[in-house]
Amino acid sequence: MDYLLISISALIPFICLWISKKISFLDIPDISIKSHSKAIPYVGGISAISLCLIFLLFVNFNIPVLIILLFSLTGTLDDKYGFTPYLRLIIE
């Protein structure tokens with residue numbers, strides 16, 4: 001079981017990269033704020049959320065994983081929709 005979870009964990013970022021490109025979940029650069037010139041997929045937050053869900057389903061249900069899941073979900077949604085700092089504070 002451990003080797004299966006390790007293998008899945010190693011593949012998750014690549015799967016999330018593919019999904020992000022397919023559904024256009026991309027960080028479009030804004031010249032005044034961002035330094036990159038091409039659209040970059042949001043992979044980190046989606047990978048963290050996926051790994052937390054896998055961990056919750058197969059390994060153990062505990063509060064620290066739920067907290068990481070909440071922060072990752074909030075950060076990913078903030079990247080896409082641009083929450084105000086006050087809304088992020090209330091959610092987290």
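Student: Which residues in α2 are buried?

Tutor: Happy to start there, keeping in mind that this is a predicted model. A residue counts as buried when its relative accessible area is under 20%. In α2, that description fits Ile-46, Ser-47, Ile-49, Ser-50, Cys-52, Ile-54 and Leu-56.

Student: What covers the buried residues of α2?

Tutor: α2 runs over residues 44-58, and its cover includes two other helices. One of them is α3, residues 63-81, and another is α1.

Student: Which residues of α1 are buried, and what do they pack against?

Tutor: Let's take the residues and then their partners. Leu-5, Ile-12, Cys-16 and Ser-20 are the buried ones in α1. Their packing partners are β1 (26-27), β2 (40-41) and α2 (44-58).

Student: Is Ile-15 buried, partly exposed or exposed?

Tutor: Ile-15 sits in helix α1, which covers residues 2-22. Buried needs under 20% relative accessible area and exposed needs over 50%. Because Ile-15 has 42% relative accessibility, Ile-15 counts as partly exposed.

Student: Which residues make the nonpolar surface patch of about 670 Å²?

Tutor: Ile-15 is a good way in, as this residue is one of the patch members. An α-helix has 3.6 residues a turn, so residues three or four places apart point the same way. The patch is made by Leu-11, Phe-14, Ile-15, Trp-18, Ile-19 and Ile-23.

Student: How far apart are the end C-alpha atoms of α1, and what span is expected?

Tutor: α1 has 21 residues, and at 1.5 Å a residue the helix should span 30 Å. The expected span uses one less than the number of residues. The end C-alpha atoms agree with that, being 30 Å apart.

Student: Where in α1 is the kink, and how many degrees is it?

Tutor: Look shortly before the proline Pro-13. The kink lies at Ile-12, a residue that is also buried. Its angle is about 35°.

Student: Which residue just after α1 takes a positive phi?

Tutor: Helix α1 covers residues 2-22, so the place to look is just past that range. The phi there is about 55°, and the residue is Ser-24.

Student: In what order do the elements of the protein chain run?

Tutor: Begin with the counts: the protein chain has 4 helices and 2 strands. Its 92 residues include 25% that count as buried. From the N terminus on, the order is α-β-β-α-α-α.

Key. Residues are numbered from 1 along each chain as its sequence is written. This is a predicted model: local features need pLDDT of at least 70, side-chain atom pairs count only at pLDDT 80 or more; totals for chains, interfaces and linings use all residues. Side-chain values use heavy atoms; hydrogens and water are left out. Patches are made of residues with over 30% relative accessible area and no salt bridge: like charges are joined within 9 Å, nonpolar side chains (Val, Leu, Ile, Met, Phe, Trp, Tyr) within 5 Å. Accessible areas come from the Shrake-Rupley method with a 1.4 Å probe; for residues, only the protein chains shown count as cover. A salt bridge is a side-chain nitrogen of Lys or Arg within 4 Å of a carboxyl oxygen of Asp or Glu. Buried means under 20% relative accessible area, exposed over 50%, partly exposed in between (1.4 Å probe, protein chains only). The bend at a residue is the angle between axes fitted to the seven residues ending there and the seven starting there. Contact means heavy atoms within 4.5 Å.
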